[in-house]
Amino acid sequence: MTQSSFIKLEELSLQFPLYHSNHRSLKKTLFAKAGKFISKQQSLNQKTGADILVDNTNRITVQALRNINLSIKAGERVGLIGHNGAGKSTLLRAITGIYEPNSGKIITNGIIESLLDTNAGMNRILSGRENIYLRGKRLKYNNEQIKALEKDVEEFAQLHEFLDLPIKTYSAGMMMRLSFGLATSVTPDILLMDEWFMAGDNNFQGKARQRLENIINKAEIVVLTTHSMPIIRQWCTRVIWLKAGEIYADGSVEETVSHYEQNMRENSF
Ligand SMILES: Nc1ncnc2c1ncn2[C@@H]1O[C@H](COP(=O)(O)OP(=O)(O)OP(=O)(O)O)[C@@H](O)[C@H]1O
């Protein structure tokens with residue numbers, strides 16, 4: 001493991017263009033809204049999702065992240081919180097390299113592993129066992145290490161004969177077992193995680209929790225997105241609150257979570 005992992009984001013912005021239809025009624029709504037004054041604070045407090053904009057080529061885009069400046073250093077366990085659509089998952093996906101930012105810089109040091117999407121990095125026509133083998137090859141493991149990886153994931157995931165079937169035949173829970181088993185069989189320097197990876201049936205959760213605790217404790221940096229304040233309080237040392245793609249608050253767990261909970265109570269619907 002490298003000893004000086006870090007994540008540094010400079011003026012990071014990311015927009016999703018919406019290509020698939022004409023969106024005439026959406027455009028009408030957007031143009032009708034233009035010019036009406038809503039204070040930034042008011043619009044942020046009421047907001048679900050990012051700003052939807054019409055750019056100068058008349059294309060509709062969703063401004064998922066806007067001018068994010070952030071530095072996370074070794075030892076930090078960061079919780080990303082915010083309303084639905086605030087940009088939490090997009091931010092993690094940008095750091096992993098799944099999404100390309102439109103502008104700004106992402107500088108990282110350390111091996112990154114992400115628990116974001118059960119399909120990420122998997123080949124759907126190959127079996128679970130073949131996917132384990134592929135992952136081992138990608139990690140440049142020798143045959144002995146691949147055997148150990150296979151044994152570890154097989155014992156954890158308990159997919160039995162399904163391990164030799166193409167993963168496109170798996171249920172969501174089975175995919176979760178396989179991808180979770182794989183991701184937690186290697187300790188990364190930087191662990192990026194969506195909260196739903198903490199869900200699962202009770203038996204799975206108990207086993208998964210042990211593996212998760214193991215890599216969380218060993219990783220130099222952990223960044224997780226969650227709506228659960230108990231999860232934040234249990235796992236995190238710092239909280240970043242996103243609103244409509246921007247950093248709204250960044251601070252200690254107690255201070256930021258109390259502020260967030262108060263905001264949730266005041267703006268609940
Ligand atoms: N592939 C996509 N195409 C278009 N818009 C997208 C896409 N992915 C995300 N968005 C938009 O980007 C914004 C941020 O989404 P994101 O998934 O990052 O939010 P989130 O904070 O993780 O939300 P949640 O808590 O609901 O999971 C939202 O407005 C969403 O509609």
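**Exercise 1. Find how strand β7 and strand β8 run relative to each other, parallel or antiparallel, and how many bridges join them.**

Solution. Step 1: locate strand β7 at residues 190-194. Strand β8 covers residues 221-225. Helices and strands here are DSSP runs, numbered from the N terminus, with at least four residues (H or I) for a helix and at least two (E) for a strand. This is a predicted model: local features need pLDDT of at least 70 and side-chain atom pairs count only at pLDDT 80 or more, while totals for chains, interfaces and linings use all residues. Residues are numbered from 1 along each chain as its sequence is written.

Step 2: β7 and β8 run parallel, joined by 5 bridges. Two strands pair if DSSP finds at least two bridges between them.

Step 3: pick out one bridge, in which Leu 191 has Val 222 of β8 as its partner.

Step 4: turn to β4, residues 77-81, which pairs with β8 in the parallel sense over 4 bridges. Here Arg 77 is the residue opposite Val 222.

**Exercise 2. Decide whether the residues of β8 are buried or exposed.**

Solution. Step 1: recall the cut-offs. A residue is buried if 20 or more other C-beta atoms lie within 10 Å of its own, exposed if 12 or fewer, and partly exposed in between, with C-beta atoms placed from the backbone.

Step 2: count along the strand; 5 of the 5 residues of β8 are buried.

Step 3: sort them by face. In a regular strand the side chains alternate between the two faces of the sheet. In β8, Ile 221, Val 223 and Thr 225 are on one side, Val 222 and Leu 224 are on the other, and both faces are covered.

**Exercise 3. Write down the strand order of the open sheet, and find which helices pack on it.**

Solution. Step 1: the sheet has 6 strands in the order β6-β7-β8-β4-β9-β10, with mixed pairing.

Step 2: the edges are β6 (112-115) and β10 (246-251), each of which pairs on one side only.

Step 3: from one strand to the next, the twist averages 15°.

Step 4: add helix α3, which packs on the sheet and touches β4, β6, β7, β8 and β9 (238-243); its direction makes about 150° with that of β7. Such angles run from 0 to 180 degrees between N-to-C directions, and axes are lines fitted to C-alpha atoms, for helices over the stretch in contact.

Step 5: add α9, which touches β4, β9 and β10 and makes about 30° with the direction of β9.

Step 6: look along α3 itself, residues 88-96, where the buried residues include Leu 91, Leu 92 and Ile 95. After α3 comes Gly 97, with a positive phi near 100°.

**Exercise 4. Work out why α4 counts as oblique to α5.**

Solution. Step 1: α4 (residues 128-138) and α5 (residues 143-157) pack at about 135°, with axes 9 Å apart.

Step 2: that angle makes α4 oblique to α5. Angles under 35 degrees count as roughly parallel, over 145 as roughly antiparallel, 65 to 115 as roughly perpendicular and the rest as oblique.

Step 3: list the meeting residues. Arg 129, Ile 132, Tyr 133 and Gly 136 of α4 meet Gln 145, Ile 146, Leu 149, Glu 150 and Val 153 of α5. Two residues are in contact if their C-beta atoms, placed from the backbone, lie within 7 Å.

Step 4: the α4 contact with α5 has 5 nonpolar, 2 polar and 2 charged residues. Ala, Val, Leu, Ile, Met, Phe, Trp, Tyr, Cys and Pro count as nonpolar, Asp, Glu, Lys and Arg as charged, and the others, Gly among them, as polar.

**Exercise 5. Explain why Ser 127 counts as partly exposed, and find its contacts.**

Solution. Step 1: place Ser 127 in the loop between β6 and α4.

Step 2: Ser 127 counts as partly exposed because it has 19 C-beta neighbours inside 10 Å.

Step 3: leaving aside neighbours within four places in sequence, Ser 127 is in contact with Leu 163, Asp 164, Leu 165, Pro 166 and Ile 167.

Step 4: compare sequence with space: Ser 127 and Thr 169 are 42 residues apart in sequence and 9.2 Å apart, C-alpha to C-alpha.
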